[in-house]
Amino acid sequence: MSFRSSALLWAAAALFISGCATTKVQPQVSFTPAALKSNNQRVGVAMTALPKAEVHVNGNICLLCIVTANAANSTLSKHAATLTLEDFPSLKDKAVAALRQKGVNAIVIEEPLDIKALLDTSPGTRNAAPKNFAPLKQKYGVDSLLVLEVHSVGFVRNYSGYFATNDPKALVRGTGYMVNLSTNTYEWYLPVYVAKSAEGKWDEPTAFPVLTNAYYQALETGKDDFLRPLTN
């Protein structure tokens, strides 16, 4: 491994550690009748840019262990890069349809929402969003913003040191939430995490048919998990 690669890995690790030390875990917030009131309130529904499918390595591992794990899963990584998200991009439209069925004045925000572009806020108020969504009230002409944020899709495999502790699983990880743009607080907050095992022998390169089937099943389960609170 080159000095440049090593330096980049150490820098990434430092950022990760510092981020973990300051990140506050937001508890789940269930919908209340007030959150979906059907009077003149307008609810925008937005989605962040969808990630590409890839292999994610988790666990108690060193930097060199990460390099080794990535090399060991390189064939699966190449396969993951060929996988599609099927109709996952339509999740936003399905969310709007579900809200409208409840009498909510919901509109689609067409452009991908860039969360990182929003300013940070000071912690304090219970269920306060860590980013300032308030400027989006005027930008989109809405009172609340429902966000479907997909963090990662593909496969996940846990490691302890240099050794895998389980077989790869299909992965969908994200968060659904609704922010009141007047108070910048969550009116709904739901972490979504789907990790589905392959039903049979997973290690069949280069097509990985059984694991691929688990991946597409995980996509369906993930979509259902996002939409269930809106349709119940």
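In this predicted model, helix 4 has a set of buried residues made up of L91, K92, A95, V96, A98 and L99. Seen down the axis of helix 4, these buried residues fall within an arc of 160 degrees, and so they line one face of the helix. The cover over that set comes from several parts of the chain, including strand 1 (42–47), strand 3 (105–108), strand 4 and helix 6. Just after helix 4 ends, the backbone at G103 takes a positive phi of about 85 degrees.

Helix 6, one of the elements that cover helix 4, spans residues 209–231 and has 23 residues. From its first C-alpha to its last, helix 6 reaches 32 Å, which is close to the 33 Å expected at 1.5 Å a residue. There is nevertheless a kink of about 30 degrees in helix 6, placed at D225, shortly before the proline P229. D225 is also one of the buried residues of helix 6, a list that includes L211, Y215, L219, F226 and L230 as well. Which elements do the buried residues of helix 6 pack against? They pack against helix 3 (74–80) and helix 4 (91–101), and also against strand 4 (144–160), strand 6 (169–180) and strand 7 (185–197).

These two helices belong to a chain whose secondary structure comes to six helices and seven strands. Read from the N terminus on, the elements follow the order α-β-β-α-α-α-β-α-β-β-β-β-α. Of the 232 residues in the chain, 43% are buried. Among the contacts in the chain with a separation of 6 or more, 73% are between residues that stand 24 or more positions apart. The chain exposes about 12,600 Å², and carbon and sulfur atoms supply 55% of that area.

A search of the whole structure finds one disulfide, and this disulfide joins C62 to C65, with a distance of 2.3 Å from S to S. The link is right-handed, with 85 degrees about the S-S bond. Are its two cysteines buried or exposed, or partly exposed? The table sets them side by side.

| Cysteine | Relative accessible area | Class |
|---|---|---|
| C62 | 33% | partly exposed |
| C65 | 3% | buried |

The classes follow from a cut-off, because a residue counts as buried when its relative accessible area is under 20%, and as exposed when that area is over 50%. With 33%, C62 is therefore partly exposed, whereas C65, with 3%, is buried.

Notes. Residues are numbered from 1 along each chain as its sequence is written. This is a predicted model: local features need pLDDT of at least 70, side-chain atom pairs count only at pLDDT 80 or more; totals for chains, interfaces and linings use all residues. Side-chain values use heavy atoms; hydrogens and water are left out. Helices (H or I, at least four residues) and strands (E, at least two) are DSSP runs, numbered from the N terminus. The expected span of a helix is 1.5 Å times one less than its number of residues. The bend at a residue is the angle between axes fitted to the seven residues ending there and the seven starting there. Buried means under 20% relative accessible area, exposed over 50%, partly exposed in between (1.4 Å probe, protein chains only). Contact means heavy atoms within 4.5 Å. Accessible areas come from the Shrake-Rupley method with a 1.4 Å probe; for residues, only the protein chains shown count as cover. The arc is that of the directions from the helix axis to the C-beta atoms. A disulfide is a pair of cysteine sulfur atoms within 2.5 Å.
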